[in-house]
Amino acid sequence: MNIIALIKQVADTAQLSGRMDGLQLMADGGPRIVNPWDEYALEMAIQVKEAHSGKVTLLCMGRAEATEALKTGLAMGADEAVLISDPALEDSDCLTTARVLTAAIRKVGDFDLLVAGRSAIDGNTAATSIQIAALMDRPQLSYVAELKAVDPEARSLTAVRLLEGSRETVRCRLPAVISVVKEIGEPRYPSFIGIRRAAGATIPVWSIADLGLEADQVGRAGSQVMWPDVYLPPAREARVEWIEGSPAEAAEVLADKLISEQVI
Ligand SMILES: Cc1cc2nc3c(=O)[nH]c(=O)nc-3n(C[C@H](O)[C@H](O)[C@H](O)COP(=O)(O)OP(=O)(O)OC[C@H]3O[C@@H](n4cnc5c(N)ncnc54)[C@H](O)[C@@H]3O)c2cc1C
């Protein structure tokens, strides 16, 4: 199985300083991590490799420092990694990002499975892998919570999708594009050997010229959606009310209040 896993490096939202401008926060906002959803996708990719052999190739579009995210993925158990980085890529919108990643996927070669997280915790459009699937004319399964079966010979895959209030089992042909939710399973910790191997790895960097793209096809010039600003919504006024009494009395008062506010 040739598996490609998409890994995005994002700002560590747990450590963001609210004092900075929103766009700057996303671009340079201090410590950066692997997008948490992508760790779940990579875990699934590694499990498929372990079950069916093959290799996992990581792709990331980002700045030079995103090499660290790829090294984390290599330490977890991916085999190869490529960074797509070019100053011309700044301010790319989601469709342009998908086009760039699609060009990189084509350069990597044929794949059986492409995995991504359900969304990136910064951009949060949850559309990149869907757009890649559309650009490549491949089936796409979003919100995958369980991979029930992968049959490389029959070229098929059966997965469970997590929907609001229900689940559905779906089967599709390979090659396919999948985006996963955390129910897929806890990502493994990088092993000691993995960390040492990743530390010594040289990660190729592909520019837009390496992908056959021109500067006016990417970045601000090649994008149709602009983000003039990113900011927090106005703070909401919070009211705290203590309910006195025994646990049973407090529960009764609380239930009455929730019913009168039509919360339950
Ligand atoms: C400083 C800054 C400025 C921006 N300006 C604009 C703008 O002007 N207009 C605009 O539309 N958008 C802008 N963006 C958003 C940016 O284009 C999106 O991050 C990008 O389009 C991907 O969408 P997303 O982050 O919502 O990913 P999602 O679609 O939520 O991600 C889903 C999955 O796709 C994969 N993926 C996504 N991105 C990558 C990547 N780069 N490399 C590898 N895998 C990836 C991951 O597996 C991820 O879990 C800006 C972002 C930053 C940081």
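**Nonpolar core and unusual backbone geometry**

In this predicted model, the largest nonpolar core holds 60 residues, and the members touching the most others are Ala5, Ala41, Ala45, Leu59, Cys60 and Val115. The greatest contribution to this core comes from helix H2 (residues 36-52), which supplies eight residues. Nonpolar side chains tend to be buried together in soluble globular proteins. Alanine 45 offers a convenient place to look at the packing: leaving aside residues up to four places away in sequence, its contacts are Ile3, Ala5, Val56 and Val115. Of these partners, Ala5 and Val115 are themselves listed among the core members that touch the most others.

The backbone also has a few spots worth a visit in the viewer. Most peptide bonds are trans, and most residues other than glycine have a negative phi. A cis peptide bond, with omega near 0°, joins leucine 174 to proline 175. Proline 175 sits in the loop that links strand E9 (166-173) to strand E10 (176-180).

Positive phi values occur at two residues that are not glycine: alanine 126, where phi is near 55°, and glutamine 262, where phi is about 60°. Alanine 126 belongs to the loop between strand E6 (113-117) and helix H5 (128-136), while glutamine 262 falls in the segment after helix H7 (247-260). Their surroundings can be described by counting neighbours. Alanine 126 has 17 other C-beta atoms within 10 Å and is therefore partly exposed. Glutamine 262 has 6 C-beta neighbours inside 10 Å, so this residue counts as exposed.

Terms used. Residues are numbered from 1 along each chain as its sequence is written. This is a predicted model: local features need pLDDT of at least 70, side-chain atom pairs count only at pLDDT 80 or more; totals for chains, interfaces and linings use all residues. A nonpolar core is a set of buried Ala, Val, Leu, Ile, Met, Phe, Trp, Tyr and Cys residues joined through C-beta atoms within 7 Å. A residue is buried if 20 or more other C-beta atoms lie within 10 Å of its own, exposed if 12 or fewer, and partly exposed in between; C-beta atoms are placed from the backbone. Helices (H or I, at least four residues) and strands (E, at least two) are DSSP runs, numbered from the N terminus. Two residues are in contact if their C-beta atoms, placed from the backbone, lie within 7 Å.
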